[in-house]
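Please read the points below with the model open beside you, and check each one against the residues as you go.

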Amino acid sequence: MTLQEKIDAIVAAAADGVGACGELSQISDLKVKFLGKSGELTALLRGMKELPAEERPAAGKLVNEARDKINALIDEKFASLQARKEQERLKSESLDVTLKGRAVARGSLHPCTLVKEEILSIFTSLGFSVAHGPEVETDYYNFRQLNIPKDHPARDMQDTFYLGNDILLRTHTSPVQAHVMEENKPPIRVVCPGKVYRPDDDATHSPMFQQIEGLVIDENITLCDLKGILECFAKELFDKNTKVRFRPSYFPFTEPSVEVDLSCSVCHGKGCRICKGTGWIEVLGAGVVNPRVLEMSNIDPEKYSGFAFGMGIERIAMIKYGIPDMRILFENDVRFLRRFK
Ligand code: DAH
């Protein structure tokens with residue numbers, strides 16, 4: 001066998017070996033086998049010294065060319081296996097950047113908060129300021145100062161949670177009127193939102209609910225001013241065709257007193273399920289501030305007069321959003337709350 005044939009056989013064997021190699025980890029074995037110290041090519045090189053001196057350069061050249069060829073074959077294989085491995089890795093770690101992200105759940109304001117803020121913003125835009133009072137009250141502010149003496153039958157209208165002798169959870173926001181009148185001189189224009197408490201629990205009553213109290217004290221304030229303000233308020237809160245109706249009523253702290261009805265925003269007065277066929281919905285109590293209440297707060301009833309009103313926030317929310325049962329407002333069922341986003 002000539003040297004050339006031997007070399008061709010080695011290169012052919014190396015090409016087969018490289019062709020059969022399917023793993024990166026086998027590459028170094030191939031190198032050892034065909035190019036290493038105990039490989040056939042190295043043996044050929046070692047045998048070179050037995051050749052006549054004039055044949056050595058040509059033989060050496062042949063062996064070196066074979067070596068380069070095998071090296072190139074192995075390098076090429078290495079590169080292709082490496083590329084395949086990279087592709088596999090990219091595939092397995094792939095990230096679909098076109099997928100939709102997961103939305104972060106966002107809370108929303110409770111319908112009563114929405115209604116309260118809307119009511120407050122209507123009144124503040126009419127020049128009212130906002131005042132707050134304590135939820136734990138004394139008998140004096142909750143009742144006596146509002147012309148409801150100890151054994152007055154009006155106390156039955158507002159069953160009370162007592163915390164002690166003379167200390168109670170306020171049954172309405174009307175006591176904030178007295179705090180405001182003690183701390184401010186007329187003219188007074190305030191709205192007072194807050195929680196109130198009564199031992200009631202059914203579809204239209206809750207032991208805790210919210211009210212907004214309104215109070216205006218100035219010279220020459222009459223029932224007409226009350227009606228004008230409430231009409232303006234109702235048209236803003238519901239719609240511009242909303243009508244306001246006063247019915248005579250009784251509250252110890254106002255004289256005269258009225259119950260205020262609004263024309264039904266659902267049927268516009270025709271009569272429907274919401275207004276129980278009457279076309280009107282009762283929304284608040286109001287009246288001209290009783291002069292005795294002014295006197296108790298050291299405001300001269302000869303010089304000043306005023307009006308006051310009080311409304312339930314849950315009730316307004318129920319009317320505005322068509323909510324049939326007040327308890328839904330307190331259940332915190334997210335399926336219900338989500339609808340107010
Ligand atoms: N405080 C009354 C209640 O809780 C509502 C009310 C009626 C407030 C007449 C007023 C008013 O200021 O003048 O039922």
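The numbered points that follow go through the sheet, one of its strands, the empty spaces and some backbone details.

1. This is a predicted model, in which local features need pLDDT of at least 70 and side-chain atom pairs count only at pLDDT 80 or more, while totals for chains, interfaces and linings use all residues. Residues are numbered from 1 along each chain as its sequence is written, and side-chain values use heavy atoms, with hydrogens and water left out.

2. Begin with the sheet, which is open and is formed by seven strands in the order S1-S5-S6-S10-S9-S8-S7, with mixed pairing. Strand S1 (129-130) and S7 are at the edges and have a single partner strand each, so one side of each is left without a neighbour in the sheet. Strands here are DSSP runs of E with at least two residues, helices are runs of H or I with at least four, and both are numbered from the N terminus; two strands pair if DSSP finds at least two bridges between them.

3. At one edge, S1 pairs with strand S5 (residues 188-197) in the parallel sense over two bridges, and the bridge partner of serine 129 in S5 is valine 190.

4. At the other edge, strand S7 (residues 244-251) and S8 form a hairpin with two residues between them, and their pairing is antiparallel over seven bridges, with serine 249 opposite serine 257 in S8. S8 also pairs with S9 in the antiparallel sense, over eight bridges, and there serine 263 stands opposite tryptophan 280 in S9.

5. Is S8 enclosed or open to the outside? Eight of its ten residues are buried, so S8 is largely enclosed by the rest of the structure; buried means under 20% relative accessible area, exposed means over 50%, and partly exposed lies in between (1.4 Å probe, protein chains only).

6. Glutamate 255 lies in strand S8 and is partly exposed, with a relative accessible area of 48%. Leaving aside residues up to four places away in sequence, glutamate 255 touches Val288 and Asn290, where contact means heavy atoms within 4.5 Å. An unreviewed UniProt entry places the feature "binding site" at Glu255, although such annotations may be inferred rather than shown by experiment. A cis peptide bond, with omega about 0 degrees, joins glutamate 255 to proline 256, which is also found in strand S8.

7. A second cis peptide bond runs from proline 186 to proline 187, with omega near 0 degrees, and proline 187 is placed in the loop between helix H7 (175-183) and S5.

8. The largest cavity holds about 40 Å³ of space. A cavity is a set of points on a 1 Å grid over the protein atoms alone where a 1.4 Å probe fits but cannot get out, and lining residues have an atom within 4 Å of a point; points are joined across faces, edges and corners, and a volume is the space filled by probe spheres set on them. The elements that give two or more residues to this lining are strand S8 (254-263) and strand S9 (280-289), and the residues lining the cavity include Phe238, Ser263 and Ile281.

9. Two asparagines have a positive phi although they are not glycines: asparagine 147, at about 65 degrees, and asparagine 220, at about 60 degrees. Asparagine 147 is buried, with a relative accessible area of 14%, whereas asparagine 220 is exposed, at 68%.

How values were computed: 1 Å grid on protein atoms, 1.4 Å probe; cavity = no way out; pocket = protein on both sides within 12 Å on 5 of 7 lines; lining within 4 Å.
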